[in-house]
Structure formats: C-alpha cells, structure tokens
Amino acid sequence: MKRIVSVLVCLILCFIMMFSFTGCSDDSDSGTIKIGSIHPLTGSMAYEGQALVNSQKIAVDYINENGGINGKMLELKVVDSLGTAGGSATAAQKLINMNVCALTGTYTSGSAQVVSRTAEKAGIPFVVTVAASDTLLKNGYKYSFRIQPSTVTFSSNFIEYLSSVKTDDMKTVAFIYEDSNYGTGIAEYIEEHIDETGLEIVGMISYSASASTLSSEVTKLISLDPDIVVPIGYYSDQSLFAKEIIDRKVEFPCVIGVANGAFSDAKFTATYGEKADGFFDINYRYNPYSEETEYLLSTYREKYGEEIPVCAIYGYESIMVLADALRRAGTTDAEALRQALAETEMGDHVLPQGAIKFDETGENINSAGVMIQIQNGKHVIVYPKEYAEGEIILKKEAKK
Amino acid sequence: MNTKKINNVTLISLAVLATAFLIVADGYILCIGISVLIAALLGQSWNIMSGYAGQFSFGHAVFFGIGAYTSTLLYTMFGVSPWIGMFVGAIAAALVGSAIGFLSFRYKLRDDYFALATLAFAEIFRIIFNNTKVFGGASGILIPYVQNAAEFQFASDKTYFAIILVLVAAATVFIAFMTRSKLGLNLVAIKANQEAAAALGVNVLKYKLIAISASAVFAALAGTFYSQYYGFIDPSIVFASAISVEAIVPCIIGGSGTLYGPLLGALLIIPLQEICNSAFTSISGVNMILYGVLIAAFIIFCPDGIYGRIIKFANKKRGK
C-alpha cells in the first residue's frame with residue numbers, strides 16, 4: 001500500500017515538475033525588444049516556415065547592426081506552431097508569457113485565425129507574415145494587421161492583369177485548383193467575377209492538395225480544351241500538375257497560375273528549366289528595383305545557401321513594419337504600438353506596391369501581386385509595367 | 001492493495017492537482033492545462049469504445065468534428081447558444097456513431113477492418129464539409145468574439161479550464177458507473193470473445209452501438225469545447241487525423257481499458273510534447289522524433305500503459 005502511494009505521489013510530483021519546466025521562460029535579458037514568431041517548423045510546411053523565420057532573422061540582424069530601435073536591440077523569439085491551429089494558439093500563449101511586444105505568423109490561414117483571436121484577447125499586436133484567407137480580417141479585431149495580398153486581391157489582380165495577355169480569340173477558361181480554403185477561395189472569387197473578363201468557364205476541376213497524382217484531372221482538362229488554364233495550388237501538387245502537362249507535351253495557349261505555390265518558386269524553375277517556359281503566375285514577389293531587395297536576396301543567399309523562397313519576403317517585411325512602428329511609438333506598450341501600426345505609412349520596402357498602409361481592418365490597402373512569366377527557365381516580372389523586367393511572350397497563337 | 005484503492009488514491013491526487021492548478025496556473029501554463037484536458041476527454045471517449053468495448057477506432061475526429069460543427073453552425077446561423085448546441089451536437093454525434101457502427105457491423109466488419117472503416121468515415125466527413133458551402137466550406141467558420149458567458153465565451157481561461165475539467169470528470173464518472181453495470185460487463189465480454197458473449201445471450205450489436213454512441217457523445221462535447229475555446233474551425237482542423245491520434249495516444253500511454261489511464265496519459269504526453277518543443281527549437285523535427293520514439297517504447301515495453309502497469313503490479317503483489 002505504502003509503496004503504491006509513494007509511486008503515485010512520485011508520478012504526480014513528476015507531472016508538477018514537468019509543468020513548471022514547461023513554464024520556464026528565458027526572459028532574463030530584459031534589455032531587448034522581443035518579437036514573437038509562430039511558424040510551422042515541423043510537418044509538411046516546415047520548409048516555408050523555416051524560410052519565413054530565416055528572413056525575419058535577416059531583418060532583425062539588419063536593424064540591430066544599424067543601432068537597433070531607439071538604442072534597444074531586437075530579439076526574435078521563435079516557437080514552432082507544429083502547423084496546427086491548436087499548436088499555434090499554445091505557441092502564442094507561450095510567447096505572450098515571454099513578454100513579446102508583438103506576434104508574427106503563421107503561414108496557414110487556420111492558424112492565423114486562432115492566433116489573431118489570442119492576440120486580440122491578450123491585447124497585443126499581431127502582424128500576419130503569410131496567410132491569404134479573405135475572412136482573416138473580417139472579425140473586427142483591432143490588433144491584427146496583414147501586409148500580404150489576400151485571396152481577393154490576387155483574384156482581382158488576375159482579372160485586371162489578364163487583359164495584358166488575353167487575345168481576342170481566347171474565349172474559354174478552365175480552373176484546376178486545390179480544394180482547401182485557399183485554392184477554392186481564389187477559384188470561386190474569379191468564377192463570380194468572370195463576366196468582367198469576357199471569358200466563358202468550361203471547367204472547374206478541384207483536387208486534394210495531398211493527391212499523389214493529377215493524371216485523371218489533367219486528362220479531363222485536356223478533353224475540355226480551354227484556351228486559358230488557371231492552376232491554383234501549393235508547391236507539391238502544382239509541381240505534379242506541371243510535370244503532367246510537360247511530360248504529355250500538352251500545349252495550352254495560355255497557362256496563368258494565381259498565387260501558384262510552384263510556378264513562382266525558385267525550386268520549380270531549377271527543376272524544369274526551359275521546359276516550363278511560357279507559364280504565367282500572378283503572385284506575391286519582391287520589387288526588383290528596390291535596393292533593399294538586392295540586400296535581402298544576397299544576404300539570404302549568403303547565409304542560407306539558396307535563393308529566397310518568395311513567401312519569405314513577407315517574413316522580412318513583417319519585422320521591418322514592426323520596427324518602423326516601434327520606432328514611432330517609442331515604447332513597447334501594446335496599445336501605443338497598435339496605434340503606431342495603424343498609422344503606418346512606409347514607402348521604403350521590398351514589395352511591388354505603393355506605400356504600406358493599413359485600413360481600419362488591418363489590411364494593407366496598397367497590397368498587390370505581380371504577373372511573372374517563366375522565360376528561358378527564369379522568372380521574369382512582366383506586369384504591371386512599373387515593376388516589369390521583360391516583355392510578355394505568348395507561347396503560340398490561340399487556335400482559330 | 002486492490003484496484004479500488006489505487007483508483008481512490010489516484011482520484012484524490014488528480015483532484016488535488018487539478019484544484020491547485022486552477023488556483024495557481026495562468027497564461028501559457030493554463031493553456032497547456034486546457035490542452036491536457038481536451039486530450040484527456042478525447043482519450044476517455046476513445047476509452048469507452050475501444051478500451052472497454054474493444055472496437056478500435058481510427059476516426060474519432062468524426063465525432064469531434066460533428067460536435068464542433070453542430071454547435072458552431074447552430075450558433076452562427078440560428079443564434080442558438082453553444083451551451084444548447086453542445087448537447088445537440090452530442091446527440092448528432094451519437095446518431096452518426098450508431099449509423100457508422102450499424103453499417104460496419106451489418107457488413108461484419110471487425111477488428112482492423114472496422115478500424116479502417118472509421119478512418120474512412122472521418123475522411124468522408126472532412127470532404128463533405130470541405131465542399132459544402134452552407135457549412136462554410138473549406139474557409140471554415142469563425143465564431144464571433146463576444147465574451148458573453150451565455151454564449152460559452154469567457155474572458156478568463158480559468159473558466160474554460162473549469163468547464164473542460166467538469167466534462168472530463170463527467171466522462172470519468174460515466175466510465176466508473178459503466179464498469180460496475182451490466183452494460184460494462186457485457187462490453188468486456190464482447191471485447192474478450194464476441195461469439196462466446198453472443199452465445200450467452202448478449203445482444204452484441206446493441207451493446208456495440210451503445211458503446212459507440214456513448215463514446216461519440218464525449219468526443220462531440222470535446223469538439224464543441226474546442227471550437228468555443230479557439231474560436232475558429234475548418235474541416236481540416238476538426239476532422240483531421242491528428243484529432244483521431246490525439247484520442248488514441250493518451251490511452252495507449254496511460255493504459256486503455258482503465259479508469260484513469262487516459263488522464264495520466266494526457267497528463268504525461270502533452271507537457272512532454274511542449275518540453276520537447278521548447279528544448280529543441282534550433283533543430284526542427286527533434287520534438288516529433290522523441291514523441292514517436294516514446295510512443296513506440298511504450299507499445300513495446302509497457303503495452304498496458306502506466307496505469308495498467310500500476311494495477312497489474314499491485315495485483316501481483318497481493319497475489320503473493
């Protein structure tokens with residue numbers, strides 16, 4: 001009896017110890033300004049999550065090397081979100097416990113929703129690095145801000161930019177998109193506004209992002225014979241799609257991705273090279289004519305030995321926007337910082353857009369994507385004109 | 001020392017721990033405490049159906065998701081308070097559970113095949129909800145942030161902690177009563193040998209369906225709690241296989257088919273996950289490896305789980 005009781009008591013003590021251990025936070029050096037970063041560092045999105053954190057670190061180092069914020073150094077506190085909503089909420093709590101002055105994150109929209117609520121409850125600013133869902137800022141929250149374009153922005157960019165490639169004999173369009181929040185959101189928005197383009201939709205083909213092949217979807221797409229194909233998805237599934245049409249040597253007159261995780265990625269052009277020539281994508285990207293971009297690109301290459309994945313530019317920019325607000329606020333007080341963020345008007349940045357400025361919901365009102373085309377195995381910005389690095393090349397004439 | 005005495009000692013220890021926690025904990029620690037209790041509730045739910053009745057489920061996310069979606073849709077579309085929606089969700093989950101059970105057992109699916117069927121059902125539900133626009137589709141549903149106790153929203157996480165604690169206690173009390181009743185005995189008989197139980201006059205189908213329904217009720221309550229606590233659900237969150245796994249792991253670690261096993265399992269596994277997470281921030285993935293190794297180790301060296309082992313140990317001593 002005694003033995004059993006002591007075993008149980010030991011167990012309980014162990015649990016208490018574990019709890020107190022998890023509670024340990026290292027806020028010993030209170031001389032720094034801490035910013036929390038919540039990204040998936042494990043699981044299927046770990047590559048992008050790590051890239052976002054890497055570029056945030058570049059921004060933090062840059063600021064610290066140039067004297068910090070009003071004499072104080074910045075410190076990035078990184079916590080793995082595990083790629084889940086619950087994990088992100090716990091991570092947010094943990095960072096709040098470490099006395100961070102703001103949160104950044106989270107790469108997926110579900111996680112961003114949960115973190116924005118946690119931030120609102122705690123009354124601490126949350127700057128979204130990447131999360132495109134249109135509904136994210138529709139909650140009336142005061143503490144959430146987003147720099148990147150939402151799905152609606154990308155979709156309306158598509159409708160606007162399309163005119164630059166569409167010829168009069170292009171009449172039909174088909175969509176092939178992944179079926180979660182993100183692919184569906186974009187496809188459905190464009191579907192609703194298709195009248196503005198004068199095109200007729202001949203197919204809406206959805207698939208699961210975890211699919212191991214898109215063979216039957218592509219067969220269906222070929223049978224529909226559209227003039228314009230619009231693929232929307234993440235890196236791995238859209239690579240499958242591209243591989244399928246490259247291998248089968250299918251030539252659609254025009255392939256325009258929207259926020260396509262593969263087409264805009266450096267890994268993609270490294271894999272397919274000139275075979276992927278002609279593909280368009282409307283997506284986020286850096287402004288090639290900003291000096292800051294050159295710094296970010298070369299530093300990333302030096303430090304991490306590869307080209308920066310495009311999503312990661314928002315990691316860098318999130319820190320820059322926060323630093324700017326912190327400077328103006330002159331304090332880490334949450335309310336003052338929120339106010340400063342809301343008043344942001346930042347002209348110098350790496351994005352292909354006008355000044356970064358937030359509306360009352362926290363959305364970056366000037367956010368915009370650009371249209372890139374793969375030419376000679378390289379990404380070339382072709383639209384809008386002020387950021388263009390080259391001319392549009394139409395692969396072949398649309399059939400009569 | 002018999003099982004009953006061990007149970008009593010455990011009950012007192014856990015009660016003391018929970019009360020102390022409720023008074024002392026705050027912020028991040030409280031958040032982990034709540035995660036522990038959600039895992040414990042899912043674990044107890046799984047325990048009823050799989051631990052006691054032996055009907056292995058890989059798809060507990062179905063019930064969790066139905067609970068979450070029912071209460072949330074009732075709230076956002078018709079303004080029904082989640083306090084009521086939570087019980088509607090529980091009933092809906094019980095009905096779906098019975099339907100899944102009936103279909104599976106009708107076609108004589110057993111053991112591994114039944115487990116695979118539950119996995120398939122979870123995936124089917126995820127796809128249905130993902131593609132039904134009325135239910136919010138893939139974009140999910142956001143619960144408006146109102147902080148009104150009548151609408152199951154509270155300013156303090158302590159209130160959430162207290163609520164989930166009550167739910168876990170309710171599940172545990174249910175199991176305690178169940179094991180002493182005819183129902184529990186029948187379930188144990190079915191688990192041990194279905195044919196023999198049937199030969200002795202146990203209505204196998206009926207009791208299996210009762211077990212699934214009861215299990216579904218608690219998983220659905222966990223689902224409602226989850227959606228109210230985090231404020232956002234989408235099909236890939238609540239119908240995720242990760243949820244099904246979260247129901248299984250506490251039982252495996254703590255001891256399935258034991259009264260307090262899932263509670264101890266959850267109490268061990270969630271903080272451990274957090275520790276691994278904090279300790280290895282520089283190398284991503286180590287936390288997952290450690291987690292996997294631990295589960296594998298438990299299955300190999302301690303298949304009865306912590307609590308199962310304690311009970312076995314005590315009974316052996318008594319036998320001497």
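**Entry 1: B:Leu30**

I started with B:Leu30 and asked how exposed this residue is in the predicted model. I found 19 other C-beta atoms within 10 Å of B:Leu30. Buried would take 20 or more, so B:Leu30 goes down in my notes as partly exposed. B:Leu30 sits in helix H2 of chain B.

Next I looked up what B:Leu30 touches. Setting aside neighbours within four places in sequence, I listed B:Ala25, B:Asp157, B:Lys158 and B:Phe161 as its contacts. I also checked the spacing to one of them: B:Lys158 is 128 residues from B:Leu30 in sequence, yet the two C-alpha atoms are 7.3 Å apart in space.

**Entry 2: where chain B meets chain A**

I then turned to the two chains together. On the chain B side I have 41 residues in contact with 40 residues of chain A. Several helices of chain B supply at least two residues each to the side that touches chain A, among them H1 (3–24), H2 (27–52), H5 (111–131) and H14 (305–319). Which helix gives the largest share of that side of chain B? I found that H12(B) does, with 7 residues.

That made me look at H12(B) (residues 261–279) beside H13(B) (residues 286–301). Their axes are 8 Å apart, and the helices pack at an angle of about 145°. I noted the crossing as right-handed. From H12(B), B:Gln273, B:Cys276 and B:Asn277 come up against B:Val286, B:Asn287, B:Leu290 and B:Tyr291 of H13(B).

**Entry 3: strand E9 of chain A**

Over to chain A, where I picked strand E9 (residues 254–258). Why do I call E9(A) largely enclosed by the rest of the structure? Because 5 of its 5 residues are buried. A:Cys254, A:Ile256 and A:Val258 point one way, A:Val255 and A:Gly257 point the other way, and all are buried.

I traced the partners of E9(A) next. With strand E8 (residues 228–232) of chain A, the pairing is parallel over 2 bridges, and A:Val229 stands opposite A:Val255. Helix H8 (residues 235–247) of chain A joins E8(A) and E9(A) in a right-handed β-α-β unit.

With strand E10 (residues 280–283) of chain A, I counted 3 bridges, again parallel. A:Gly257 has A:Asp281 as its bridge partner there. E9(A), helix H9 (residues 266–272) of chain A and E10(A) also make a right-handed β-α-β unit.

**Entry 4: on to E10 of chain A**

I followed the chain of partners one strand further. Are the residues of E10(A) buried or exposed? I have A:Phe280 and A:Ile282 on one side and A:Asp281 and A:Asn283 on the other, all buried, which leaves both faces covered. E10(A) also pairs with strand E13 (residues 370–375) of chain A, this time antiparallel over 4 bridges. A:Asn283 has A:Val370 as its bridge partner in E13(A).

**Entry 5: confidence check**

Last, I looked at the scores. Chain A averages a pLDDT of 88, and 91% of its residues score at least 70. Among the elements of chain A, strand E4 (residues 126–128) has the highest mean, 96, and helix H1 (residues 2–23) the lowest, 60. A reminder to myself: where pLDDT is low, the predicted coordinates should not be read in detail.

How values were computed. Residues numbered from 1 in each chain as written. Chains lettered and ligands numbered in written order. Predicted model: local features only at pLDDT ≥ 70, side-chain atom pairs only at ≥ 80, totals over all residues. pLDDT = per-residue confidence, 0-100. Buried ≥ 20, exposed ≤ 12 C-beta atoms within 10 Å, placed from the backbone. Pairing = 2+ DSSP bridges. Right-handed = clockwise from strand over helix to strand, strands pointing away. Axes fitted to C-alpha atoms, helices over the stretch in contact; angles between N-to-C directions. Left-handed = near helix turned anticlockwise from the far one by under 90°. Contact = placed C-beta atoms within 7 Å.
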